[in-house]
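Work through the exercises below with the sequence and the model side by side. Each task is followed by a solution that goes step by step.

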Amino acid sequence: MLIKNESELVGIKKISEVVAITLKKMCEYAKVGMSTKELDDFGAEILKSYGAKSAPYATYKFPGWACISIDKEFCHGIPSDKRILREGELINIDVSAELGGYYSDNGCSFVVGEDIHNHQSLVNASKEILKIAIEHIKEGVRIADIGEMIEKESKKRGYKVIKNLAGHGVGRRLHEPPHEILNYKNRLNFEKFKRNSVVAIETFISTHSTIAETLSDGWTMVGNKGGYMTQHEHTIVVTDGAPLILTTGNGVWD
């Protein structure tokens, strides 16, 4: 969406604060021995306390309040009482919700418990690259150039990017134009970031794969060549200078 007045800015700020708080609290709550369903139920209660609705469920009938992906699951993992968190596993929580007709989106990958499988460097790379990308976004910057920057920064650290997952516009719906804020340079995309537009910027940094494939459950995605992936995401408002980061309360960069 393009913010046209103060009331729209207030609305998008409010839901962004809600999803940020929910994500932060879920990350803090996640513990070894807990089921992903228990974690999702915890997040659901937070969203409900604010009167917010799960965007994936409202938009796509996703079977959960948040997407919770574990280990070699890249994204869109379905919460389950049978999936128990284990020491050192990589987890991604993606929280998006609607409140008062406005939508916001954010996500975070981290290690559960002690980093016995050495995932932390991949987690750190994703956080760092997201920060670099967002710092370079302003009115008039080509979307493809940010994608090129993300891939270059990933390669510097010895990693790859997933090429069929993307950031996106957000605001009045969960997914709005621009639909393909990719993690690599699409040379056919000449679109530029617009002032006052609301966008969700996401990193998809991986160890082995470049394509995410959907499993038989119709939701969960994994890598075409296996390995692991980390994702971090903020919803921002584009300006003619530094972006306004709406979901800064999620603690991704703490």
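A residue is called exposed when its relative accessible area is over 50%, buried when it is under 20%, and partly exposed in between. The model used here is a predicted one.

**Exercise 1. Is Leu 188 buried or exposed, and where does Leu 188 lie?**

Begin with the location: Leu 188 is part of the loop between β8 and β9, the latter covering residues 198-206. Next apply the cut-off: because its relative accessibility is 74%, Leu 188 counts as exposed. Finally, compare sequence with space: Leu 188 and Ser 209 are separated by 21 residues in sequence and by 23 Å from C-alpha to C-alpha.

**Exercise 2. Describe how helices α1 and α2 pack, and place Leu 39 in that arrangement.**

Two packed helices are described by the angle between their axes and by the distance between those axes. For α1 (residues 6-29) and α2 the angle is about 150° and the axes are 9 Å apart. Angles over 145 degrees count as roughly antiparallel, and α1 and α2 are therefore roughly antiparallel to each other. Their crossing is right-handed. On the α1 side the contact is made by Val 18, Thr 22, Lys 25, Met 26 and Tyr 29, while α2 contributes Glu 38, Leu 39, Asp 40, Phe 42, Gly 43, Ile 46 and Leu 47.

Now turn to Leu 39, a residue of helix α2, which spans residues 36-49. With a relative accessibility of 0%, Leu 39 counts as buried. Once neighbours within four places in sequence are set aside, the residues in contact with Leu 39 are Met 26, Tyr 29, Ala 30, Met 34, Ile 68, Ile 91 and Ile 93. For one of these contacts the separation can be stated: Leu 39 and Tyr 29 are 10 residues apart in sequence, and their C-alpha atoms are 7.3 Å apart in space.

**Exercise 3. Carry out the corresponding analysis for α4 and α5, and then for Met 149.**

Helix α4 (residues 120-135) and helix α5 (residues 143-156) pack at an angle of about 150°, and the distance between their axes is 10 Å. It follows that α4 and α5 are roughly antiparallel to each other, and the handedness of their crossing is right-handed. The residues that meet are Ile 129, Ile 132 and Ala 133 from α4 and, from α5, Ile 146, Met 149, Ile 150, Glu 153 and Ser 154.

Met 149 belongs to helix α5 and, at 21% relative accessibility, counts as partly exposed. Not counting residues up to four places away in sequence, Met 149 touches Ile 132, Ala 133 and His 136. Met 149 and Ile 132 lie 17 residues apart in sequence, with 8.4 Å between their C-alpha atoms.

**Exercise 4. How many disulfides does the structure hold, and why is there no bond between Cys 27 and Cys 108?**

The structure holds 0 disulfides. Cys 27 takes part in none, and the nearest cysteine sulfur, belonging to Cys 108, is 4.2 Å away. A disulfide requires a pair of cysteine sulfur atoms within 2.5 Å, and the 4.2 Å from the sulfur of Cys 108 to that of Cys 27 is therefore too far for a bond. As for accessibility, Cys 27 counts as buried at 18%, and Cys 108 is buried as well, with a relative accessible area of 7%.

**Exercise 5. Examine the backbone at Asp 71, at Asn 118 and at the bond from Pro 177 to Pro 178.**

The background is that most residues other than glycine have a negative phi, and that most peptide bonds are trans. Asp 71 has a positive phi, near 60°; this residue lies in the loop between β2 (67-70) and β3 (73-75) and is partly exposed, with a relative accessible area of 25%. Asn 118 likewise has a phi near 60°, a positive value. Asn 118 is located in the loop between β5 (102-111) and α4, and its 61% relative accessibility makes it exposed. The peptide bond from Pro 177 to Pro 178 is cis, with omega near -5°, and Pro 178 is situated in strand β8 (residues 176-181).

Technical notes: Residues numbered from 1 in each chain as written. Predicted model: local features only at pLDDT ≥ 70, side-chain atom pairs only at ≥ 80, totals over all residues. Heavy atoms only, no water. Helix = DSSP H or I, 4+ residues; strand = E, 2+ residues; numbered from the N terminus. Buried < 20%, exposed > 50% of the residue type's maximum accessible area, 1.4 Å probe, protein only. Contact = heavy atoms within 4.5 Å. Axes fitted to C-alpha atoms, helices over the stretch in contact; angles between N-to-C directions. Parallel < 35°, antiparallel > 145°, perpendicular 65-115°, else oblique. Left-handed = near helix turned anticlockwise from the far one by under 90°.
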